[in-house]
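Work through the following exercises with the sequence and the model open beside you, and try each one before reading its solution.

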Amino acid sequence: MSNSTLKTYYIITYGCQMNEHDSENLAGMLENNGWIPAENEEEAQLIIMNTCSVRENADNRFYGTLGQFKKRKTEDPDFILCVTGCMPQQEKVQREIREHFGWVDILFGTQTLREFPQLLEARLRTGKKQISILADNPVLPKEEGAKRMHKHKAFVNITYGCNNFCTYCIVPYTRGREKSRSLESVVQEVRELASEGVVEISLLGQNVNSFRDGEGNTFPDLLRALDGIPGIERIRFMTSNPKDLSEELIACFRDLSHLCRHIHLPVQSGSSRILKRMNRRYDRERYLDVVRRLREACPDIAITTDIIVGFPGETEEDFLETVSLVREVRYDAAFTFIYSPREGTPAATFPDQIPEDVKHDRLNRLNEAVNEGAYAHNKALEGLTLPVLVDGKSRRDDRFYQGRTDGFKLVNFKADRDYTGEIVPVHLTECKTFSLNGEVEA
Ligand code: SAH
Ligand code: SF4
Ligand code: F3S
């Protein structure tokens, strides 16, 4: 049972890196106010559920977990449950929580994250429920105070929100309109991170390519400004929308010494007809052309992607075009998803929805094609020695450490000591579809 005099917290995070980083920010706010992390959910006096709503199974998991806390709330009046993230940004979910989960203490959204300390203070002082949700992003000139998961690598937000309105996607509705931070404030944050020992930064935005600050600086300008910061060995970014991937960005892969040779370039479908219905604003040819130009500028660049199968109206022919694109590009890895209708998005109302069994069958066939490519790329690395940034002990087996190559490949390896946070040469002895095995070279 919890001890009500101890201020302990636990954050449950679903969804993407934006949410992971928001959770780091929330942890920072709590610890500034004297809260300490609990060992586990059961011991925590306060729990935050940081939610995702990109696909339907995320919803189901959310309501399932939320329901489990009801008993805890009834038995322990001091226990505080907070819900944030992309779920409460939707009116339907706000209504659902009001009607069926009225015992939630603090409900706030992705755009009111910074209000959390005031909401918590008000809840503790008055004992009353607190709700604060906005429909659009406030501009955040500065970010500070995150409690970062790692000492050696950090997420850095560069844009918030999304303006693209792909017809299947809920994100523009949950994260509001796109806003860019200023180049100056991002550079300042990265300098501070470097002085604290961070060696790798991951720049975050739903579409980093459309970064443009008040001074007219573009994403390539930002990358160039970050490349010279002493101590920063690796720069990554995600995600990049193929529709506005510029020649200047491609040139960065050739010119910048710290930009990792990896790009996550979601294609979603290999059929131009489906891409049009998805409102992606590029077609198959343009996408393949971007890939060709990237590989011309940087021959060993690793390319990963996101793909959706079973989008409304997708015929077997459309699907086979996706498979043929996957074979042609030969991705290093791909996240593959079954189309999930999201209420409030245009595609959810399209009449020609695809039956579940067809979607599953396509997913299986697609994964086979993806895995063939991934295996071929990885197999070609066997016998090489590559620099690996060590993240820590392997989660599965603590006799091993794990880390990432420049191309974002997961490497499990044996080491004579703990090299966490360092970039070390690892000799790759066995390369599989999803990971590489190796040994540190002395
Ligand atoms: N901003 C990023 C994507 C964020 S969502 C981009 O544009 O690349 C991450 C991935 O989830 C998307 O790339 C897409 O493949 C998938 N996704 C989004 N909405 C979906 C839905 N309704 N059903 C299935 N997959 C979806
Ligand atoms: Fe969603 Fe499209 Fe925006 Fe990505 S670019 S977040 S897929 S609407
Ligand atoms: Fe999910 Fe919101 Fe990220 S819907 S994927 S947590 S932007």
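**Exercise 1.** Find the volume of the second largest pocket and the classes of residue in its lining.

*Solution.* In this predicted model, the second largest pocket has a volume of about 470 Å³. A pocket is here an open set of points, on a 1 Å grid over the protein atoms alone, where a 1.4 Å probe fits and protein lies on both sides within 12 Å along at least five of seven lines, and its lining residues have an atom within 4 Å of a point. The volume is the space filled by probe spheres set on the points, which are joined across faces, edges and corners. Next, the lining numbers 23 residues, and Arg-261, Asp-300, Leu-386, Asp-406 and Gly-407 lie nearest the centre. By class, ten are nonpolar, five polar and eight charged, where Asp, Glu, Lys and Arg count as charged, and Gly as polar.

**Exercise 2.** State which residues surround ligand 3, and sort them by class.

*Solution.* With a cut-off of 4 Å between a heavy atom of the residue and the molecule, the shell consists of Cys-16, Asn-19, Cys-52, Ser-53, Val-54, Cys-86, Val-171, Arg-175 and Gln-206. Sorting gives five nonpolar, three polar and one charged.

**Exercise 3.** Do the same for ligand 2.

*Solution.* Around ligand 2 lie Cys-162, Asn-164, Phe-165, Cys-166, Tyr-168, Cys-169, Val-171, Pro-172, Gln-206, Asn-241 and Arg-280, a shell with seven nonpolar, three polar and one charged residues.

**Conventions.** Residues are numbered from 1 along each chain as its sequence is written, while chains are lettered from A and ligands numbered from 1 in the order in which they are written. Local features need pLDDT of at least 70 and side-chain atom pairs 80 or more, whereas totals for chains, interfaces and linings use all residues, and side-chain values use heavy atoms, without hydrogens and water.
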